[in-house]
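Reader: Before I use any of the labels in this description, I would like to hear how each one was reached.

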Amino acid sequence: MKLNGIKITWLGHATFRIETPQGKTLLIDPWVTGNPKCPEQEKNISKVDVILCTHGHGDHIGDAVEIGKKHNPVVVGMPELCGWLEGKGVKRVSGMNKGGTQTVGDIKVTMVHAEHSSGIEDGSQMIYGGQAAGYVVEFSNGVKIYHAGDTCVFGDMAIICDIYAPEICMLPIGDHYTMGPREAAYACKLLKPKTVIPMHYGTFPVLTGRPADLRKLVPDVEVREMKPGETIS
Ligand code: NI
Ligand code: MN
């Protein structure tokens, strides 16, 4: 995989920190304090410029409010989700919807479809968080990364391939709440990625899918298994 100055760090589950070619820090689906796979030394986020939230579930936005208030990044998500975050004191939200692209700092962010639910747990209430989404991020060096969020496989992943052609795809493979390896292999047929970074597996016992299972099904795709805390550049 060619990253040309981008650094990707997996913080476990669906949480990634990405350093852009211009030195900005992007956090996708911030969930660190309660994340059993996030290394201790990574739980105290020291710097973040942009946060992308795929949907309202706690294992994706668990630390969005605290990090958003502490570091004042631009926080991108569905309008309903952004409205909730704003109500909790996050200042710089930038709501968007599927099919749209916005420039945030030195990256272009496109919100794309996902098939999943998106309730926000707020005390004893469950609040509507808008639809679940994924993101295609285009960096200033031309590299494009697709983070699928939580989703099943869906036929319109072919549209994501046709329009954006992301060479690196972060796909959930854990099964139970999202795709498992069988469905992720079909997603590879639609997305035609060079590299897949598996995510959303192994965090809890029910998330049984493993990178090796996917690798067997897609011999022509680089399945890049990361260790939590590992950085690739
Ligand atoms: Ni979810
Ligand atoms: Mn999830």
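The exchange below takes up the metal sites, burial and the cysteines.

Author: This is a predicted model, in which local features need pLDDT of at least 70 and side-chain atom pairs count only at pLDDT 80 or more, while totals for chains, interfaces and linings use all residues. Residues are numbered from 1 along each chain and chains are lettered from A, with ligands numbered from 1, in the order in which they are written, and side-chain values use heavy atoms, without hydrogens and water.

Reader: What makes His55, His57, His116 and Asp150 donors of the nickel ion (ligand 1)?

Author: Donors are N, O and S atoms within 2.8 Å of the metal (3.2 Å for Na, K and Ca), and sites may look incomplete because water is not among the atoms. The atoms concerned, NE2 of His55, ND1 of His57, NE2 of His116 and OD of Asp150, lie 2.2 to 2.3 Å from the nickel ion (ligand 1), so they meet that limit.

Reader: Why is the arrangement around the nickel ion (ligand 1) called irregular?

Author: Four donors count as tetrahedral if all angles lie between 85 and 135 degrees; four count as square planar and six as octahedral if opposite donors are over 155 degrees apart and all others between 65 and 115; anything else is irregular. Around the nickel ion (ligand 1) the four donor atoms subtend angles of 90 to 174°, and the arrangement is therefore irregular.

Reader: Which residue coordinates both the nickel ion (ligand 1) and the manganese ion (ligand 2)?

Author: Asp150 coordinates both ions, which are 3.2 Å apart. The protein donors of the manganese ion (ligand 2) are Asp59 (OD), His60 (NE2), Asp150 (OD) and His200 (NE2), at 2.1 to 2.2 Å from it.

Reader: How do you know whether Asp150 is buried or exposed?

Author: Buried means under 20% relative accessible area, exposed over 50%, and partly exposed in between (1.4 Å probe, protein chains only). Asp150 has a relative accessible area of 2%, so this residue is buried, and His200, with a relative accessible area of 1%, is buried as well.

Reader: Why is the count of disulfides zero?

Author: A disulfide is a pair of cysteine sulfur atoms within 2.5 Å, and by this rule the count comes to zero. For Cys82 the closest cysteine sulfur, in Cys53, is 7.0 Å away, which is too far for a bond. For Cys161 the closest is that of Cys169, at 8.3 Å, again too far for a bond.
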